[in-house]
Amino acid sequence: MLKILLLFIILIIGIVLGPLLSGHQGYVLIQTDNYDITTSVTGLVIMFLLLQFLLIFIGWCYRRLKRTGTFTHSWIFGGYKRNRARLQTKQALLKLAEGDFKQVEHLMTRNVDHAENPVVNYLLAAEAAQQRGDYFRTNQYIERAAEVADKDQLPVDITRVRIQLAQGEVHAARNGVDKLLNQAPRHPEVLRLAEQAYTRSGAYQYLIDILPSITKIGLHDEEHVAQLHQQAYIGLMNQSMAEKGSAGLKAWWKDQSRKVRNDTALQVAMAEHLIECNDHETAQQIILNGLKQQYDERLLLLLPHLKADNAEAVQKSLSHLLKQHGATPLLNSTLGQVALRHGEWSKAETAFKAALAQRPDAHDYAWLADALDRLHKREEAAQIRTKGFMLTLKRESDTEA
């Protein structure tokens, strides 16, 4: 349209100023066999400009008609396919809720090129194929999604790792997770997949490293994070014990921070590992240090399993705990078990009777009977065993009822 405007301006200037500048309009003769056409120069210029305008107008009309035809074709056929793809995607989502993965895959990949977001269709088709166990098609859809996604590869990489974990390809998933954490270190799904990959591959130090990020974004509650923390450190204990035995375990424990070494749950786990390694002295030291910091029944329950020679330290610690927390049934029972292990029958008798006076317990009855046998109190030992046996029968009948 700008060209037409310019032509009209030139036309007006030519009509008004032409004759004035030239002094006369001139004369033009066009002669044919049958006709003689005469006109002025100004008239010829005007006709030429009108012809140009007519040609431009015809060209504009042609382009307009062509564009309208293309749009109509696209609207009729392309619009139909887009609507069809949209409907099939909705149907696929319903089938996904039903668990019909074969139909999900079929519907998601039909007219996928006309879908609103082909990447989503390919990824859901990959998930559906994986659920059916068709790993070839799964990889095919993942690769196609990667091609369509162009620069936005994060959803594709996340889906790939999720499928690798589902297929048991733990080490491949671990490699994928490492890359994802570089791209999106606080993405919830990335952290969730990293947690699974590191746990299943035994990469416990890496799991510990991502726990602050998991806590910060609120991926799990505090209790679950604490369980992961404990699981990771116990995993590291197992690795140290498997590689270097008791010596490696002690060296690893020594290298940990004070916060870790003061964690009661980890103290319990460490003591159990050392007892398993037959290193009762170090286990006893950890248990007694833990009980000095905080009274915890989990540590107390480990004391009877110790075979350390220094029984005095254990008994001294138990006596101190009795003064601090009172004569609880567990403390009395533990004191009795320690005394029984070291052949102090009278102390064991006193402790077990004190524990049983507070609450009946079949194990304490059995241990008390053993102590009485050692003290040659046969009749009393028989009576105690009978009480323990009757208590066991009563509890079994209550359980069955």
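**Exercise 1. Surroundings of Gln164**

Task: Starting from the contacts of Gln164 with Glu169, Ala172 and Ala173, which leave out residues up to four places away in sequence, characterise the position of Gln164 in this predicted model. In which helix is Gln164 found, and is Gln164 buried or exposed?

Solution.
- Step 1. Gln164 belongs to helix 6, which covers residues 154-166.
- Step 2. The relative accessible area of Gln164 is 14%. The cut-off for a buried residue is under 20%, so Gln164 is buried.
- Step 3. For a relation across the sequence, take Gln130, which is 34 residues from Gln164 along the chain; the two C-alpha atoms are separated by 9.4 Å.

**Exercise 2. Surroundings of Gln183**

Task: Carry out the corresponding analysis for Gln183. Which residues does Gln183 touch, not counting residues up to four places away in sequence?

Solution.
- Step 1. Gln183 is located in helix 7, residues 170-183.
- Step 2. With a relative accessible area of 48%, Gln183 falls between the limits of 20% and 50% and is therefore partly exposed.
- Step 3. Beyond four places in sequence, Gln183 touches Leu154 and Asp157.
- Step 4. Leu154 stands 29 residues away from Gln183 along the chain, yet the C-alpha atoms of the pair are separated by 8.1 Å.

**Exercise 3. Salt bridges**

Task: How many salt bridges does a search of the whole structure find? Analyse the pairs Arg162 with Glu189, Glu380 with Lys353 and Arg378 with Asp373.

Solution.
- Step 1. The search of the whole structure returns 19 salt bridges. Side chains of opposite charge can pair when their charged atoms come close.
- Step 2. Arg162 and Glu189 are joined through their side chains, with an N to O distance of 3.4 Å. This pair links distant parts of the chain, as Arg162 is in helix 6 and Glu189 is in helix 8 (residues 188-201), 27 residues apart.
- Step 3. The accessibilities of the two partners are then assigned: Arg162, at 29%, is partly exposed, whereas Glu189, at 18%, is buried.
- Step 4. The pair extends into a network of salt bridges that links Glu127, Arg162, Glu189 and Arg192.
- Step 5. In the bridge between Glu380 and Lys353, the closest N and O atoms are 2.9 Å apart. Here too distant parts of the chain are linked: Glu380 lies in helix 19 (residues 378-400) and Lys353 in helix 17 (residues 345-358), 27 residues apart.
- Step 6. Glu380 has a relative accessibility of 26% and counts as partly exposed; Lys353, at 34%, also counts as partly exposed.
- Step 7. For Arg378 and Asp373, the closest N and O atoms are 3.7 Å apart. The cut-off is 4 Å, so the pair qualifies as a salt bridge.

**Exercise 4. Residues with positive phi**

Task: Describe the backbone and the setting of Asn278 and His376. Where does each of them lie?

Solution.
- Step 1. Most residues other than glycine have a negative phi.
- Step 2. Asn278 has a positive phi, near 65 degrees, and His376 has a positive phi of about 65 degrees.
- Step 3. Asn278 is placed in the loop between helix 12 (264-276) and helix 13 (280-293). His376 is in the loop between helix 18 (362-374) and helix 19.
- Step 4. Asn278 is exposed at 58% relative accessible area, and His376 is exposed at 61%.

**Exercise 5. The second largest cavity**

Task: What is the volume of the second largest cavity, and how do its lining residues divide by type?

Solution.
- Step 1. Two cavities of 30 Å³ or more are counted, and the second largest has a volume of about 50 Å³.
- Step 2. Its lining includes Gln284, Leu303, Asn310, Val338, Arg341 and His342.
- Step 3. Helix 15 (311-325) and helix 16 (329-341) each contribute at least two lining residues.
- Step 4. By type, the lining comprises six nonpolar residues, three polar and one charged.

**Exercise 6. Confidence and overall architecture**

Task: Which elements have the lowest and the highest mean pLDDT, and how many helices and strands does the chain have?

Solution.
- Step 1. The average pLDDT of the chain is 84, and 83% of the residues score at least 70.
- Step 2. Helix 1 (residues 2-22) has the lowest mean pLDDT among the elements, 61, and helix 8 the highest, 95.
- Step 3. Residues 73-78 have a pLDDT below 50, and this stretch has three contacts in the model beyond near neighbours in sequence. Where pLDDT is low, the predicted coordinates should not be read in detail.
- Step 4. The chain contains 19 helices and two strands. Of its 401 residues, 38% count as buried.

Definitions and conventions: Residues numbered from 1 in each chain as written. Predicted model: local features only at pLDDT ≥ 70, side-chain atom pairs only at ≥ 80, totals over all residues. Heavy atoms only, no water. Helix = DSSP H or I, 4+ residues; strand = E, 2+ residues; numbered from the N terminus. Buried < 20%, exposed > 50% of the residue type's maximum accessible area, 1.4 Å probe, protein only. pLDDT = per-residue confidence, 0-100. Contact = heavy atoms within 4.5 Å. 1 Å grid on protein atoms, 1.4 Å probe; cavity = no way out; pocket = protein on both sides within 12 Å on 5 of 7 lines; lining within 4 Å. Points joined across faces, edges and corners; volume = space filled by probe spheres on them. Nonpolar A, V, L, I, M, F, W, Y, C, P; charged D, E, K, R; others polar.
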